[in-house]
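This report looks at a few residues of one chain and at the contacts made by their side chains. Please keep the sequence and the structure in view while reading.

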Amino acid sequence: DISPIPTLSIVGNILLQPNAETASFLHANNIFSLSSDANILIVADSNVTAGDTANDIILGAGSAIDTNSNKAFTFAQAYPANVPRNEFMRIKGDSGNVGIGVVAPSTLLELQGGLTTVGAVMTLSTKEPTVVANDVLGRINFQAPLDTGADSDLVGASIVAIAEATFSDTVNSTSLQFQTGTSETATTKMTIDETGNVGIGT
C-alpha cells in the first residue's frame with residue numbers, strides 16, 4: 001500500500017518466526033484493539049487439520065514482569081509458565097469445554113470460584129430498568145433443537161424467575177416456575193411463590 005492512512009498498512013498476511021519454534025507475541029504500551037469488518041478468528045493449533053487439538057485458548061491478565069519499564073522483554077520473561085499471571089478463562093482444544101476459574105473443565109461449561117459459604121456463583125439478570133409483575137428476570141431452557149421434527153425442537157423444560165409485583169426500594173417479590181412439556185412448548189407445572197408456598201398444577 002503506497003499511501004497508508006495508519007502508521008503501518010499491510011496487504012496480505014503476517015507470519016511471526018516462520019522457521020522457529022520459540023514463542024511469539026504482539027505487545028502494545030497502551031490500549032490494544034483487534035477489529036475487523038468481518039469475523040475475527042482466534043485459533044489455537046492451526047497446524048492441526050483433523051481431529052482434536054492439544055493446545056488451548058487462554059484469556060487472562062498480568063505477567064511476570066513490568067513490561068512498561070522493560071521494553072526489551074521476551075515471551076519467556078513475561079510468561080515463564082506460558083500462561084498469564086492471572087488466568088480467567090480457558091477453552092480446551094481437545095474438547096471445546098470452557099472453564100472460568102478452572103484450567104481443566106470437566107463439562108461443556110464449568111465455573112469455579114469462591115470459598116467456604118460463597119462457592120461459584122452464576123447470575124442471570126434482566127436489563128429491564130423498571131420491573132413490574134410478570135416480567136421475567138431470568139430463564140434456563142432445556143431443549144433438543146437439532147432433533148428432526150416439529151414439537152421435538154421446542155423447549156421441553158424451563159426454570160423461570162418471574163416478578164410477582166412492581167419492584168421498588170422495598171420490593172423484589174419473585175417466584176420460581178418449573179415448566180415441562182409433552183407435545184408443546186413447556187408450560188408451568190409447579191410454582192414456588194414469593195412467600196415459599198409451593199403450588200403443583202397451579
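## Ser 36 and its surroundings

Ser 36 is placed in the segment before S1, in a model that is predicted. Its relative accessibility is 39%, so Ser 36 counts as partly exposed, a class that lies between buried, under 20%, and exposed, over 50%.

The side chain of Ser 36 comes to 2.9 Å from the backbone nitrogen of Ala 38. On a much wider scale, 52 Å separates the C-alpha atom of Ser 36 from that of Asn 197, a residue 161 positions away along the chain.

## Salt bridges in the structure

How many salt bridges does a search of the whole structure find? The search finds three, and the residues Asp 56, Glu 87, Arg 90 and Lys 92 are linked by salt bridges in a network.

## The two partners of Asp 56

One salt bridge joins Asp 56 to Arg 90, with 2.8 Å between the closest N and O atoms. This pair connects distant parts of the chain, since Asp 56 belongs to the segment before strand S1 (57-61) while Arg 90 belongs to strand S2 (residues 86-91), and the two are 34 residues apart. Asp 56 counts as buried because its relative accessibility is 18%, a value to be read against the cut-off of under 20%. Arg 90 is likewise buried, its relative accessible area being 11%.

Asp 56 also forms a salt bridge with Lys 92, and here the closest N and O atoms are 3.1 Å apart. Because Asp 56 lies in the segment before S1 and Lys 92 in the loop between S2 and strand S3 (98-100), this pair ties together parts of the chain that are 36 residues apart in sequence. As for exposure to the surroundings, both Asp 56 and Lys 92 are buried.

## Glu 87 and the network

Glu 87 forms a salt bridge with Arg 90, and the closest N and O atoms of this pair are 2.8 Å apart. Is Glu 87 buried or partly exposed? With a relative accessibility of 22%, Glu 87 counts as partly exposed, because the buried class is limited to residues under 20%.

Taken together, Arg 90 pairs with Asp 56 and with Glu 87, while Asp 56 also pairs with Lys 92, and in this way the four residues are linked in a network of salt bridges.

Conventions:
Residues are numbered from 1 along each chain as its sequence is written. This is a predicted model: local features need pLDDT of at least 70, side-chain atom pairs count only at pLDDT 80 or more; totals for chains, interfaces and linings use all residues. Side-chain values use heavy atoms; hydrogens and water are left out. A salt bridge is a side-chain nitrogen of Lys or Arg within 4 Å of a carboxyl oxygen of Asp or Glu. Helices (H or I, at least four residues) and strands (E, at least two) are DSSP runs, numbered from the N terminus. Buried means under 20% relative accessible area, exposed over 50%, partly exposed in between (1.4 Å probe, protein chains only). A polar contact is a pair of N or O atoms within 3.5 Å; within protein, one must be able to donate a hydrogen and the other to accept it, and residues adjacent in sequence count only if both atoms are side-chain atoms.
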